[in-house]
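Biologist: Got a minute to go through this one with me? I'd like to know what stands behind each label.

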Amino acid sequence: MMKSIALAAAVAVTATAGAADTYFEQGRTLDSGDVLELGLITAEGAGVVEIYDFHTGEQGRLLGTERLSAGANTNVRINTGLPVNRDVIAVVNIDGQIAAQKAFDVN
């Protein structure tokens with residue numbers, strides 16, 4: 001039992017440390033359109049950024065995705081295939097875990 005608790009604590013610390021190294025540089029506002037420009041995203045490891053509808057304040061339907069490499073990903077753009085004019089949330093997933101997320105106002 002003690003080994004399980006120690007292992008769980010070690011995993012939690014590792015996940016927290018990785019999350020601190022994954023972040024968005026973009027401010028809180030995006031221009032509306034069918035391509036959302038997220039700017040610079042720094043990722044602890046290779047993964048994906050997903051954009052979801054967020055106009056109700058809850059994560060809604062998936063609007064688009066873009067692959068990320070480890071390190072700095074400049075000029076990240078997500079083509080949604082349709083004009084987006086409502087608030088969205090961007091979620092970075094690395095190895096199946098949420099490493100960072102950020103809500104954006106779309107103008």
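Biologist: What makes strand 4 and strand 7 a pair, and in which sense do they run?

Modeller: Two strands pair if DSSP finds at least two bridges between them. Strand 4 (residues 47-53) and strand 7 have six bridges, in the antiparallel sense, so they count as a pair. One contact point along the way: Asp-53 stands opposite Val-88 in strand 7. Before we go on, this is a predicted model, where local features need pLDDT of at least 70 and side-chain atom pairs pLDDT 80 or more, while totals for chains, interfaces and linings use all residues. Numbering starts from 1 along each chain as its sequence is written, and side-chain values use heavy atoms, with hydrogens and water left out.

Biologist: What joins strand 7 to strand 8?

Modeller: Seven bridges, with strand 7 (residues 88-94) and strand 8 (residues 97-106) running antiparallel. Among the partners, Val-91 goes with Gln-101 and Ala-90 with Lys-102. The two strands make a hairpin with two residues between them, and Asp-95 in that turn has a positive phi of about 55°.

Biologist: Why do strand 2 and strand 5 count as edges?

Modeller: The open sheet has five strands in the order 2-8-7-4-5, with mixed pairing. Strand 2 (29-30) and strand 5 (62-68) each have a single partner strand, so one side of each lacks a neighbour in the sheet. A strand here is a DSSP run of E with at least two residues, a helix a run of H or I with at least four, both numbered from the N terminus. By that count the chain has one helix and eight strands.

Biologist: How do you know that strand 7 is mostly covered?

Modeller: Buried means under 20% relative accessible area (exposed is over 50%, partly exposed in between; 1.4 Å probe, protein chains only). Seven of the seven residues in strand 7 are buried. That includes both faces: Val-88, Ala-90, Val-92 and Ile-94 on one, Ile-89, Val-91 and Asn-93 on the other. For the chain, buried residues make up 36% of 107.

Biologist: Why is the aromatic pair of Phe-24 and Phe-104 called edge-to-face?

Modeller: Rings of Phe, Tyr and Trp (its six-membered ring) pair if their centres lie within 6.5 Å; planes under 30 degrees apart are stacked, over 60 edge-to-face, the rest tilted. Phe-24 and Phe-104 are 6.0 Å centre to centre with 80° between the planes, so both conditions are met. The pair links strand 1 (residues 23-24) with strand 8, 80 residues apart, and both rings' residues, Phe-24 and Phe-104, are buried.
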